[in-house]
Amino acid sequence: MSELVHARVLEHLERLRLGHVAERLDALLSDAARSEPTYLDFLDQLLREEVGAKQRKRVAMGIQIAHFPAVKTLEDFDFRFQPSLDQKLVRELSTGRFIANAENVLLFGPPGVGKTHLAIALGRASVEAGHSVLFTSATALLGALSRAEAEGELADRLLFYAKPKLLIIDELGYLPFEKRSAHLFFQLVARRYERGSLLVTTNQLVTQWGTVFGDEVLAAAILDRLLHHSHTLMIQGESYRLKQRKKAGLLAKNSPENRG
Ligand code: ADP
Ligand code: MG
């Protein structure tokens, strides 16, 4: 009889898609036989296990879909090294609340100060908060849009980049845009405006965006949409890469790189 019940419970767990509890049922039952929890505590434990397993699975999948180029987290970001950075704002952004309001984030700073690191870390935190995220470099994004346009598939590509609740565009401005690319970028920004969040990292000040996009009017139109409902993070410190090499004694104290 109890074997019958056991089989039925398993079947019901599967049918309700409580696969984790189904898998762990025997272990959970023998634990319970030993520690004799209350009925409520036992139910609580089952539900927590299932919810926990589902959350881990969802996060792992979301992180895979996001295509982050590396594993970087806020825990391994050394805020003491960048005192100019608004840590409180970074923490607030890591809740993912800005995504619910379709707000943007702009992250400015010179090379090596941790922009990509923070972009990935905030992206991961956003996945954990339940949002869909896609990470791309500006170069890869523009390449994909240009190719799609040449192949007559621009609408599909734009839709692809419009879908994730948070689109991270890394390293905008490292290379100046061609005129056509700037138009494609504008289309994407316009498409996402007030609908989905963008997180953009760049080493170029806003005043230089005209040069980046090769067109002042277009740059102004892009900036207008990006900056309306946005948060700005500035990192003004020293390159972290350089610091590590200095620490390793690879740079002489007064080498040109050390001074720059
Ligand atoms: P950027 O994108 O601004 O050029 P990165 O984010 O690529 O810089 O940082 C360069 C390297 O230094 C990466 O490996 C990154 O993880 C590390 N890094 C940068 N800043 C910090 C920091 N404050 N704490 C820990 N690691 C850092
Ligand atoms: Mg970078």
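**Figure 1. Coordination of the magnesium ion (ligand 2) by Thr116 and Glu171.** In this predicted model, the OG1 atom of Thr116 and an OE atom of Glu171 coordinate the magnesium ion at 2.0 to 2.7 Å. Thr116 belongs to helix H6 (residues 115-128) and Glu171 to strand E3 (residues 166-172), so the pair ties together parts that are 55 residues apart in sequence. Thr116 has a relative accessibility of 25% and therefore counts as partly exposed. Glu171, with a relative accessibility of 33%, likewise counts as partly exposed, because that class lies between the limits of 20% and 50%.

**Figure 2. Surroundings of ligand 1.** The ligand is surrounded by 14 residues, and the closest are Asp78, Gly112, Lys115, Thr116 and His117. A nitrogen atom of ligand 1 lies 2.7 Å from a backbone N or O atom of Asp78. An oxygen atom of ligand 1 is found 3.1 Å from a polar backbone atom of Gly114. The side chain of Thr116 also takes part, with a polar atom 2.8 Å from an oxygen atom of ligand 1. Taken alone, ligand 1 exposes 550 Å², of which the protein buries 87%. Thr116 thus appears both in this view, among the closest residues to ligand 1, and in the preceding one, where its OG1 atom coordinates the magnesium ion.

**Figure 3. Helix H1 and the residue Arg17 that comes just after it.** Helix H1 comprises 14 residues (residues 2-15), which at 1.5 Å a residue should span 20 Å. The C-alpha atoms at its ends are 20 Å apart, in agreement with the expected span. The expected value follows because the rise of 1.5 Å is multiplied by one less than the number of residues. Just after H1, Arg17 takes a positive phi of about 60 degrees, although Arg17 is a residue other than glycine. Arg17 is placed in the loop between H1 and helix H2 (19-35). Its relative accessible area is 66%, so Arg17 is exposed.

**Figure 4. The loop residue His67 and its positive phi.** His67 is not a glycine, yet its phi is positive, at about 60 degrees. The residue is found in the loop between helix H3 (39-66) and helix H4 (87-93). With a relative accessible area of 56%, His67 is exposed, because the limit for that class is over 50%.

Terms used:
Residues numbered from 1 in each chain as written. Chains lettered and ligands numbered in written order. Predicted model: local features only at pLDDT ≥ 70, side-chain atom pairs only at ≥ 80, totals over all residues. Heavy atoms only, no water. Donors = N, O, S within 2.8 Å, 3.2 Å for Na, K, Ca; no water. Helix = DSSP H or I, 4+ residues; strand = E, 2+ residues; numbered from the N terminus. Buried < 20%, exposed > 50% of the residue type's maximum accessible area, 1.4 Å probe, protein only. Near = heavy atom within 4 Å. Polar contact = N/O pair within 3.5 Å; in protein donor to acceptor, adjacent residues only side chain to side chain. Areas by Shrake-Rupley, 256 points an atom, 1.4 Å probe, with all protein chains shown as cover.
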